[in-house]
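Subject: Structure handover

Hello,

Here is the structure for your files. My notes on what was found in it follow below.

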Amino acid sequence: MACGITVADTSVKLPEPKEGQYVHQAPTLEDLEKDESLKPQLKAVIRKGYDLFMNTQQLRGENVFNDMNCRTCHMGEGRKMWAAPVWPASTTLPDFRGKNQHVNSVEERIAGCFAFSMNGKPPAYGSDTMLALVAYQQWMAKGAPVYETNIAGRGFGKLEKPKLEPDYGRGEAVFSENCSVCHGDKGQGQKNAEGTVVFPPLWGDGAYNWGAGMTRIFTAAAFIKHNMPLGQPGKLSDQDAWDVAYFINAQERPQDPRFVGSAEATREKFLNFHKHTLYGTKVNGRVLGAHTNTGEKPFLKPDNLKPRTFEQGSDSW
């Protein structure tokens, strides 16, 4: 839901860190070049990770099958507060994750982004690509305490529940007035003359699939409130953010890779996640996700995205 264009902040209204929260200043590429404690070979891998993070589309057709980059959601080169900075994963993982109900490593967390947000296939664990992404992420955590979870600006933040239930019609109006100029009147996004994605699509084949965290209404609402419209975080009211998040996520997108044959059955099986989405529910007379469309991806579930368990014979998928 972001783009690569720099826009001057005109209405910055982000939450202040709460008392006792850890505030981390993630290093920049300029800091990397000045850091004489790192071997040049490691610097090269970190730079490669940065390059992949900023332009994940270079993996299109192999690991990425939509119009997303890592930086689409993890803004500010992955360090921006309230825009899902990526460095906390390196200081808090391994840890249990509710989405897949087992303990996740940093690599597995990245794999989830590829499988769901980028509707793709994760790079192989231990591969050069995965190593580079982990190295970049871990380098940004330099100096941060391990297993400190009370982190300022982690994730997208949270919004209080709205006074009114999120509404499709109100959300459509908010989208038309504030979002369509960049993301298109049909949520299709925009590309430049060279075909490079400038503003990512918000639904359709080029967007995140039904298993992505952004399909959760509360996640999308917080992201929008704290980051959108671009350069004007906090412009929208909380109610507007909830309403437009509902509208965006009431549109179709590629199938959840965990699909078990019907949207209703998949929703029920993964209700710990989908209770926060509209997937498998009826909106405007149709059941969302009632299809087998996987977008540009020629498969449903990536063969290297598997459950991890310490109980022999168990399979959470």
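Helix 9 is largely enclosed by the rest of the structure, because 10 of its 11 residues are buried. Please keep in mind that this is a predicted model. The buried residues of helix 9 include Ile217, Phe223, Ile224 and the three alanines Ala220, Ala221 and Ala222. Thr219, Lys225, His226 and Asn227 are buried in this helix as well. What do the buried residues of helix 9 pack against? Their partners are helix 3 (70-73) and helix 10 (238-248).

The loop between strand 4 and helix 9 contains Thr215. With a relative accessibility of 0%, Thr215 counts as buried. Leaving aside neighbours within four places in sequence, Thr215 is in contact with Tyr208, Asn209 and Trp210. Its contacts also include Asn249, Arg253, Phe273, His276 and Thr277.

Next, the aromatic rings. A search of the whole structure gives 11 aromatic pairs. One of them joins Tyr50 and Tyr136 in an edge-to-face arrangement, with 5.7 Å from centre to centre and 70 degrees between the planes. Tyr50 belongs to helix 2 (residues 40-54) and Tyr136 to helix 6 (residues 128-140), so this pair ties together parts that are 86 residues apart in sequence. Tyr136 is buried, its relative accessible area being 1%.

Is the pair of Trp210 and Tyr279 stacked, tilted or edge-to-face? The ring planes of Trp210 and Tyr279 stand at 50 degrees and the centres are 5.5 Å apart, so the pair is tilted. Stacked would need planes under 30 degrees apart, and edge-to-face over 60. This pair also links distant parts of the chain, 69 residues apart. Trp210 is in the loop between strand 4 (197-199) and helix 9 (217-227), while Tyr279 is in the loop between helix 12 (271-274) and strand 5 (282-283). Both Trp210 and Tyr279 are buried.

Tyr50 and Tyr136 also appear in a cluster: ring pairs link them with Phe53 and Trp139.

Two charged side chains are placed over rings. Lys99 lies over the face of Phe116, 3.8 Å from the ring centre. For Arg258, the charged end sits over the ring of Phe270, at 4.5 Å from its centre.

If you open the model, helix 9 with its buried residues and the pair of Tyr50 and Tyr136 are places to begin.

Regards

Definitions and conventions: Residues are numbered from 1 along each chain as its sequence is written. This is a predicted model: local features need pLDDT of at least 70, side-chain atom pairs count only at pLDDT 80 or more; totals for chains, interfaces and linings use all residues. Side-chain values use heavy atoms; hydrogens and water are left out. Rings of Phe, Tyr and Trp (its six-membered ring) pair if their centres lie within 6.5 Å; planes under 30 degrees apart count as stacked, over 60 as edge-to-face and the rest as tilted. Helices (H or I, at least four residues) and strands (E, at least two) are DSSP runs, numbered from the N terminus. Buried means under 20% relative accessible area, exposed over 50%, partly exposed in between (1.4 Å probe, protein chains only). A charge sits over a ring if NZ of Lys or CZ of Arg is within 6 Å of the ring centre and within 35 degrees of the ring normal. Contact means heavy atoms within 4.5 Å.
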